[in-house]
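Biologist: I'd like to go through this model with you and ask how each label was earned. Could you bring it up on the screen?

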Amino acid sequence: ADFASPALQGACASAVRLDCLVFGDVYTRFATGHGLGRPRCPLDPPPVEGYWTSRLRELQARVGDRGPTVPAEAGADVGDCQHVFAKCYR
């Protein structure tokens with residue numbers, strides 16, 4: 001029943017988007033020497049201050065709209081994040 005809560009579903013969806021963006025940022029830095037631009041998708045703040053909050057603030061403070069450059073060798077994780085990349089960097 002907990003996962004039926006709209007608030008919890010929203011927090012989980014936002015956490016998945018943030019995880020994908022951090023993943024994409026790391027690969028993009030390796031591939032191009034530059035990180036991602038500011039994402040255009042909605043991202044709710046994590047419920048606890050810490051690593052994820054600092055990564056969210058860092059992404060939101062960026063300029064430009066450079067999307068991810070993730071090589072196919074990155075594996076299945078890339079496929080799972082493609083919908084997030086498309087939504088946040090269209």
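## How the labels are earned

Modeller: Happy to, and please keep in mind that the model is predicted. The structure holds two disulfides.

Biologist: What makes Cys20 and Cys81 a disulfide?

Modeller: Their sulfur atoms are 2.1 Å apart, and a disulfide needs cysteine sulfur atoms within 2.5 Å, so the pair qualifies. The link is left-handed, with -75 degrees about the S-S bond. It ties together distant parts of the chain, 61 residues apart: Cys20 sits in helix 1 and Cys81 in helix 3 (residues 76–88).

Biologist: How do you know that Cys20 is buried or exposed?

Modeller: Buried means under 20% relative accessible area. Cys20 has 4%, so it counts as buried. Cys81, with 6%, is buried too.

Biologist: And what makes Cys41 and Cys88 a disulfide?

Modeller: The cut-off is again 2.5 Å, and their sulfur atoms are 1.8 Å apart, so they form a disulfide. This pair also links distant parts of the chain, with Cys41 in the loop between helix 1 and helix 2, Cys88 in helix 3, and the two positions 47 residues apart. Both Cys41 and Cys88 are buried.

Biologist: Why is the disulfide of Cys41 and Cys88 called left-handed or right-handed?

Modeller: The torsion about its S-S bond is about 85 degrees, so the disulfide is right-handed. If you number the bonded cysteines in sequence order, the pairing reads 1-3, 2-4.

Biologist: Why does Cys12 have no bond to Cys20?

Modeller: The closest cysteine sulfur to that of Cys12 belongs to Cys20, and the distance is 14 Å, too far for a bond. Cys12 has a relative accessible area of 34%, so it is called partly exposed.

Biologist: Let's turn to helix 2. Which of its residues are buried?

Modeller: In helix 2 (residues 51–60), they are Thr53, Arg55, Leu56 and Leu59.

Biologist: How do you know where the buried residues of helix 2 lie around its axis?

Modeller: Looking down that axis, they fall within an arc of 160 degrees, so they line one face of the helix. The geometry helps here: an α-helix has 3.6 residues a turn, so residues three or four places apart point the same way. The buried residues of helix 2 pack against helix 1 (6–32).

Biologist: What makes up the largest nonpolar core?

Modeller: It has 18 residues, and those with the most contacts inside it are Leu21, Phe23, Val70, Phe85 and Cys88. Helix 1, helix 2 and helix 3 are the elements that give two or more residues to this core.

Biologist: Which residues are in contact with Leu21, leaving aside its neighbours within four places in sequence?

Modeller: Among them are Leu36, Pro39, Cys41, Leu43, Leu59, Val84 and Cys88.

Biologist: Now the whole protein. Which elements does it have, from the N terminus on?

Modeller: They run α-α-α, with three helices and zero strands.

Biologist: Why is the protein called as compact as a globular protein of that length?

Modeller: Its radius of gyration is 13 Å, close to the 12 Å that the globule rule gives for 90 residues, so the description holds. The C-alpha atoms fill a box of roughly 45 × 30 × 25 Å along the principal axes.

Biologist: What share of the contacts with a separation of 6 or more comes from residues 24 or more positions apart?

Modeller: That share is 68%. Buried residues, for their part, make up 32% of the 90 residues.

Notes
Residues numbered from 1 in each chain as written. Predicted model: local features only at pLDDT ≥ 70, side-chain atom pairs only at ≥ 80, totals over all residues. Heavy atoms only, no water. Buried < 20%, exposed > 50% of the residue type's maximum accessible area, 1.4 Å probe, protein only. Helix = DSSP H or I, 4+ residues; strand = E, 2+ residues; numbered from the N terminus. Arc of directions from axis to C-beta. Contact = heavy atoms within 4.5 Å. Core = buried A, V, L, I, M, F, W, Y, C linked by side-chain atoms within 4.5 Å. Rg over C-alpha atoms; globule rule 2.2 N^0.38 Å.
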